[in-house]
Amino acid sequence: MTQASAKKENTILWWIGWIVLTIVSFFIACYFWTGFIAKHVGNINQPGVSVLWVAAVFGSWMVLLVPLIIVMYNKVDRAYEDTRIQRESDTLKKNLKGALLRSVLVPETDRLLPKKFSDELRKVPRSIHRGHLVTVILKNGKNFEHVFVLDRREILGIYDAQTLPFRVEDIAALKPADLNHLPVFETKKWLRLDGAGSPLAA
């Protein structure tokens, strides 16, 4: 089962569970107030008792629904955010396909990250499958945005550049890109650094 299929199945199961809890909470309210009112107020057929029962049951049911509604709202909001981020990540992944990109050959040894940065990226969620989109911060304070790191170890691509504009030994820090505020990437501006893809002049 793929990750997407598993996530879809979990979402369906969650919605079924939410509906079941909503129904069960209503019957819990009915059961409690029916017995309580019968014991302390009187028979449901007495004047005013039925109105009290309806008010008590539906009032307490609404109270029980509050946490369920909050959970539902958070779940829907998270599903929306996941879908949007996935859509943006898919676009980025499509743009990074080697056959569509400009390319130069930078030796692998000049693209490998120091181990400490690889270890740091292990704690950061991936931007796409096998990859992180980061901002590179150099020791002299310069920043280079939209640098693509493959498998937490190899700088594979950079956006809107002609070559790799820095040395890995000059890196002071890596800052994960904000996936919620990505620009609209143009395929022709991506540069692949392992020599695969179209020549730079293309």
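This passage describes the fold, ring pairs, cores, surface patch and backbone features of a predicted protein model.

The protein is built from three helices and seven strands. Read from the N terminus, these elements follow the order α-α-β-α-β-β-β-β-β-β. Of its 202 residues, 33% are buried. Contacts between residues at least 6 apart in sequence are a helpful guide to how the chain comes together: 71% of them join residues at least 24 apart. The accessible surface amounts to about 13,000 Å², and carbon and sulfur atoms account for 62% of that area.

Aromatic rings offer a good place to begin a closer look, as the structure holds 11 aromatic pairs. One of them brings together Phe26 and Trp61, whose ring centres lie 5.0 Å apart with the planes at 70°, so this pair is edge-to-face. Phe26 belongs to helix α1 (residues 3-40) and Trp61 to helix α2 (residues 49-95), and the pair thereby links distant parts of the chain, 35 residues apart. Trp61 has a relative accessibility of 16% and therefore counts as buried. The two rings are also members of a cluster, in which ring pairs link Phe26, Phe27, Phe58 and Trp61.

A further pair is made by Phe144 and Phe166. Here the ring centres are 5.4 Å apart and the planes meet at 40°, so the pair is tilted. Phe144 sits in strand β3 (residues 143-150), while Phe166 is found in the loop between β4 (154-159) and β5 (171-176), so the pair ties together parts of the chain 22 residues apart in sequence. With a relative accessible area of 7%, Phe166 is buried.

Phe166 appears again in the nonpolar interior. The largest nonpolar core contains 20 residues, and Phe166 is among those with the most contacts inside it, together with Leu113, Val136, Ile155, Ile171, Leu174 and Leu193. At least two residues of this core come from each of α3 (115-121), β2 (131-138), β3, β4 and β5. Strand β2 provides the largest share, with three residues. Apart from this core lies another one of 11 residues, which include Phe148, Leu150, Leu156 and Phe185.

Leu193 deserves a look of its own. Leaving aside residues up to four places away in sequence, Leu193 touches Val104, Leu105, Val106, Arg111, Ile155, Leu156, Gly157, Ile158, Thr163 and Leu164. Among these neighbours, Ile155 is also listed with the residues that have the most contacts inside the largest core, whereas Leu156 belongs to the other core.

On the surface, Ile12, Leu13, Ile16, Val20, Val24, Ile28 and Leu64 form a nonpolar patch, with a joint accessible area of about 590 Å². Helix α1 contributes the largest share of the patch, six residues, and Leu13 is located in this helix.

Finally, the backbone has two points to visit. Most residues other than glycine have a negative phi. Arg130, however, has a positive phi near 70°. This residue is placed in the loop between α3 and β2, and its relative accessible area of 37% makes Arg130 partly exposed. Asp151 likewise has a positive phi, near 55°. Asp151 lies in the loop between β3 and β4 and is partly exposed, with a relative accessible area of 29%.

Note on methods. Residues are numbered from 1 along each chain as its sequence is written. This is a predicted model: local features need pLDDT of at least 70, side-chain atom pairs count only at pLDDT 80 or more; totals for chains, interfaces and linings use all residues. Side-chain values use heavy atoms; hydrogens and water are left out. Helices (H or I, at least four residues) and strands (E, at least two) are DSSP runs, numbered from the N terminus. Buried means under 20% relative accessible area, exposed over 50%, partly exposed in between (1.4 Å probe, protein chains only). Contact means heavy atoms within 4.5 Å. Accessible areas come from the Shrake-Rupley method with a 1.4 Å probe; for residues, only the protein chains shown count as cover. Rings of Phe, Tyr and Trp (its six-membered ring) pair if their centres lie within 6.5 Å; planes under 30 degrees apart count as stacked, over 60 as edge-to-face and the rest as tilted. A nonpolar core is a set of buried Ala, Val, Leu, Ile, Met, Phe, Trp, Tyr and Cys residues joined through side-chain atoms within 4.5 Å. Patches are made of residues with over 30% relative accessible area and no salt bridge: like charges are joined within 9 Å, nonpolar side chains (Val, Leu, Ile, Met, Phe, Trp, Tyr) within 5 Å. A salt bridge is a side-chain nitrogen of Lys or Arg within 4 Å of a carboxyl oxygen of Asp or Glu.
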